[in-house]
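Thanks for coming. I have one structure to go through, so please look at it while I talk.

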Amino acid sequence: MNTLTKEAQMPTALQPVEWKYPIVYGVLALLSLFVFGFGAPGDAQTTFAFTAPDAFISLPDLVVASKITAIVVGVILLALAGFSLWATRARAEVGVWLPLAFGVLFVFAFLTWAGAGRGVIATTSLLAGGLALSVPLIFGAMCGLVGERSGIINIAIEGQLLAGAFLAAVVASVAKNPYAGLVAAPLAGAIVGAILVFFAVKYWVNQIIIGVVLNVLVVGLTNFLFSTLLTQNQELWNTRQALPALPIPLLSEIPVLGPVFFKQNILVYLMYVVVIVLHVAVFHSKWGLRMRAIGEHPRAADTVGIHVNRGRVLNTIFAGAIAGLGGAFFTIGSGLAFGKEMTAGQGYIALAAMILGKWNPFGALFAAVLFGFTKNLGNSLSAIGAPIPQDLLFMLPYIVTIFAVAGFVGQVRPPAAEGIPYSKQ
């Protein structure tokens with residue numbers, strides 16, 4: 001009894017204090033104050049438009065004094081950085097509101113500085129475009145999440161997106177119906193996923209190597225078919241077939257957010273469904289429990305009757321179908337014909353979003369939206385002539401990817417059995 005009492009009275013070891021976030025917040029707050037605030041023209045104004053041209057309800061434009069507004073926002077950001085420092089020293093829990101509020105205010109200060117005296121910043125178009133560019137990243141991240149939660153490393157997301165884009169364009173062109181392409185796209189991604197898991201499970205080929213090889217294979221095959229088939233008879237094989245927008249009554253008329261979230265095509269709505277269903281299924285269903293088991297401790301899963309390799313095969317094929325659906329965004333989702341290597345590395349960005357989201361559907365969703373918004377932000381600022389080199393604007397999503405994964409994600413632990421082949425022997 002005395003021993004137990006002494007052990008109960010022993011102080012609990014505290015985790016090391018993590019100073020990274022207060023430092024990052026402080027640096028960004030100082031950048032906002034001195035560059036965006038004091039660096040803004042003294043007599044310039046910035047105009048934010050919140051109403052789409054065809055909106056049922058219109059809101060007045062917001063016109064602010066660029067210099068004063070950016071300085072005020074910079075001071076608020078410094079206060080938030082100070083709060084983060086206090087919370088870190090006190091080891092207090094800080095909710096997700098702090099990074100969200102800090103991020104929104106920082107972007108507002110940046111836009112106020114970048115748009116000073118340079119035209120109108122169309123807020124609704126900026127947000128809607130960012131969401132649209134996030135769609136293939138979100139599907140790709142969900143694909144990687146399902147595969148890696150099952151123990152299969154999927155570097156072939158890039159190839160699955162490209163294959164989905166290709167088959168969606170071809171089938172939609174032949175059928176003269178974009179919905180036919182939407183049905184075909186998951187099949188292309190599933191085929192690539194089947195090849196990946198076949199070599200990974202049956203022959204124990206290094207999963208990273210086979211993923212890279214599949215990416216090169218899909219690029220080469222689609223380039224060959226594009227040059228020899230699609231360009232020879234473009235009217236038959238590669239015409240533009242766009243999914244129509246399907247506004248949701250009432251919801252699409254909500255100012256600012258309505259056109260962003262509820263005036264999209266069916267592919268975006270499917271993305272909402274996939275993320276929500278996956279979140280529920282991964283953490284609150286028998287299928288999700290078994291998937292996490294074969295990705296974390298396959299031998300223990302096998303002892304309770306779970307067929308590890310069969311689960312990995314089925315889940316990887318299913319994940320490939322999700323990625324193929326995301327690939328359809330590049331063609332029928334955007335109303336474009338197929339072009340060589342049109343995915344442009346988005347599969348690797350999706351993989352980074354999955355890691356930044358810590359193998360969680362909602363976490364990967366927010367990371368992918370961040371990257372998509374950053375890309376559209378660069379396009380929008382380039383259009384209004386922001387005082388930033390154009391090449392740097394186009395580099396923004398990749399810079400954000402590097403810093404987010406290297407600096408903000410911190411210590412992450414992937415599924416323990418990820419990339420490790422399983423055998424009962």
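Start with helix H6, residues 157-175; helices here are DSSP runs of H or I with at least four residues, numbered from the N terminus. The expected span is 1.5 Å times one less than the number of residues, so the 19 residues of H6 should cover 27 Å, and its end C-alpha atoms are indeed 27 Å apart.

This is a predicted model, where local features need pLDDT of at least 70 and side-chain atom pairs count only at pLDDT 80 or more, while totals for chains, interfaces and linings use all residues. Residues are numbered from 1 along each chain as its sequence is written, and side-chain values use heavy atoms, with hydrogens and water left out.

Is H6 buried or exposed? Buried means under 20% relative accessible area, exposed over 50%, and partly exposed in between, with a 1.4 Å probe and protein chains only. Of the 19 residues of H6, 15 are buried, so the rest of the structure largely encloses this helix. Just after H6, Lys176 has a positive phi of about 55 degrees.

H6 also helps line the second largest pocket, as do H7 (178-202) and H8 (207-230), each with at least two residues. H8 contributes the most, 6 residues. By class, that lining has 12 nonpolar residues, 1 polar and no charged; nonpolar covers Ala, Val, Leu, Ile, Met, Phe, Trp, Tyr, Cys and Pro, charged covers Asp, Glu, Lys and Arg, and the others, Gly among them, are polar.
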